[in-house]
Amino acid sequence: MNRGVFVAFEGIDASGKSTVAKIIAERFDATFTIEPGGTPLGVELRKWLLDADTPMKPESEALLMLADRSHHVFELIEPTLAAGKHIVADRYYASTLAYQGYGRGLNLAELRAATDLAIGPTLPDLTILIDLSVEAANERRQRDTKDRFESADENFHERVRQGYLEMAATASEKWVVIDGAGTVDEVVARVQQELLLLPWNRD
Ligand code: TYD
């Protein structure tokens with residue numbers, strides 16, 4: 001049995017990555033999943049992680065994100081890939097490095113080591129960064145109530161964006177940066193172009 005293909009989508013809040021990731025998952029017959037919150041345990045963790053009324057140290061935030069991910073890999077991602085089915089994940093390990101590392105300022109080397117512990121050898125075949133300026137993302141945002149991350153200041157989101165771009169430029173794994181400006185159809189077409197290079201049908 002061939003292993004499934006694993007694609008992770010990354011980007012700042014309101015970059016449009018969730019909308020695009022869902023469409024891509026359907027087109028490539030992949031299981032769509034999210035972080036935090038891709039398992040029943042993760043749904044519980046997500047409630048606390050996004051609750052702006054529960055003050056939390058960046059370290060606690062990072063460790064809960066990693067607990068979510070570790071369990072997600074064990075319960076859903078690995079078994080799905082091993083069964084030959086594809087995975088499209090809305091956020092994966094790079095979110096922790098971007099938000100808790102570049103954004104909150106936690107030590108990146110320590111965070112990478114902790115992330116490795118959480119995911120083991122399960123790396124995406126491709127990470128797609130949907131890149132959009134913080135200004136453009138703010139214009140797209142519709143919700144009135146803001147979660148823990150949405151209520152962080154603009155500098156935080158700028159650091160997260162720059163962190164993503166730095167990782168995309170330096171990672172040893174495969175990343176592509178997609179311009180997130182324009183319509184959903186335009187962005188989906190850009191992503192699809194890149195994905196055609198992956199081995200979706202290996203029989
Ligand atoms: P997401 O579900 O993409 O946001 P939403 O559906 O609200 O648009 O992600 C939730 C938030 O969690 C997002 O602001 C980014 C943050 N996050 C981290 O800070 N670190 C992580 O490791 C992950 C997975 C998410």
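This briefing covers the fold, salt bridges, backbone features and surface charge of one protein chain. The model is predicted. The chain has eight helices and five strands. Its radius of gyration is 16 Å, in agreement with the value near 17 Å for a compact globule of 203 residues. Seven salt bridges are counted.

**Overall fold**

- Along the sequence, the elements run β-α-β-α-α-β-α-α-β-α-α-β-α.
- The pattern opens with a strand and ends with a helix.
- Along the principal axes, the C-alpha atoms fill a box of roughly 50 × 35 × 30 Å.
- Buried residues make up 48% of the 203 in the chain.

**Salt bridges between separate parts of the chain**

- Side chains of opposite charge can pair when their charged atoms come close.
- Asp 90 pairs with Lys 17 in a salt bridge, and their closest N and O atoms are 2.7 Å apart.
- Asp 90 belongs to strand β3 (residues 86-90) and Lys 17 to helix α1 (residues 17-27), so this bridge ties together parts 73 residues apart in sequence.
- Both Asp 90 and Lys 17 are buried.
- Arg 69 forms a salt bridge with Glu 35, with 2.5 Å between the closest N and O atoms.
- Arg 69 sits in helix α3 (residues 58-82), while Glu 35 is in the loop between β2 (30-34) and α2 (40-50), so the contact ties together parts 34 residues apart in sequence.
- Arg 69 and Glu 35 are both buried.
- Asp 131 forms a salt bridge with Arg 161, and the closest N and O atoms lie 2.8 Å apart.
- Strand β4 (residues 126-131) supplies Asp 131 and helix α7 supplies Arg 161, so the pair ties together parts 30 residues apart in sequence.
- Asp 131 is buried, as is Arg 161.

**The loop between β2 and α2**

- Glu 35, the partner of Arg 69, also begins a cis peptide bond.
- That bond runs from Glu 35 to Pro 36, with omega near -10 degrees.
- Pro 36 is in the loop between β2 and α2.
- Glu 35 lies in this loop as well.

**Positive phi outside glycine**

- Ala 14 is not a glycine, yet its phi is positive, at about 65 degrees.
- Ala 14 lies in the loop between β1 (6-10) and α1.
- Ala 14 counts as partly exposed because its relative accessibility is 29%, between the 20% and 50% cut-offs.
- Asp 29 also has a positive phi, of about 55 degrees, without being a glycine.
- Asp 29 is in the loop between α1 and β2.
- Asp 29 counts as exposed because its relative accessibility is 56%, over the 50% cut-off.

**Spatial separations**

- Gly 16 is in the loop between β1 and α1.
- Gly 16 and Ile 130 are 114 residues apart in sequence, but their C-alpha atoms are 7.4 Å apart in space.
- Ile 130 falls within the residue range of strand β4 (residues 126-131).
- Gly 16 is partly exposed, at 23% relative accessibility.
- Arg 159 and Leu 196 are 37 residues apart along the chain, and 31 Å separates their C-alpha atoms.
- Arg 159 is in helix α7.
- Arg 159 is partly exposed, with 38% relative accessibility.

**Negative surface patch**

- A patch of negative charge on the surface gathers Glu 135, Glu 139, Asp 153, Glu 154 and Glu 158.
- Helices α6 (134-140) and α7 (154-170) are the elements that each give two or more residues to this patch.
- Glu 158 is a patch member located in helix α7.
- Glu 158 is partly exposed, at 30% relative accessible area.
- Helix α7 also carries Arg 161, the buried partner of Asp 131.

How values were computed:
Residues numbered from 1 in each chain as written. Predicted model: local features only at pLDDT ≥ 70, side-chain atom pairs only at ≥ 80, totals over all residues. Heavy atoms only, no water. Patch = residues over 30% accessible without salt bridge, like charges linked within 9 Å, V, L, I, M, F, W, Y side chains within 5 Å. Areas by Shrake-Rupley, 256 points an atom, 1.4 Å probe, with all protein chains shown as cover. Salt bridge = Lys/Arg side-chain N within 4 Å of Asp/Glu carboxyl O. Lys, Arg positive; Asp, Glu negative; His and termini not counted. Charge placed at Lys NZ, Arg CZ, Asp CG, Glu CD. Helix = DSSP H or I, 4+ residues; strand = E, 2+ residues; numbered from the N terminus. Buried < 20%, exposed > 50% of the residue type's maximum accessible area, 1.4 Å probe, protein only. Rg over C-alpha atoms; globule rule 2.2 N^0.38 Å.
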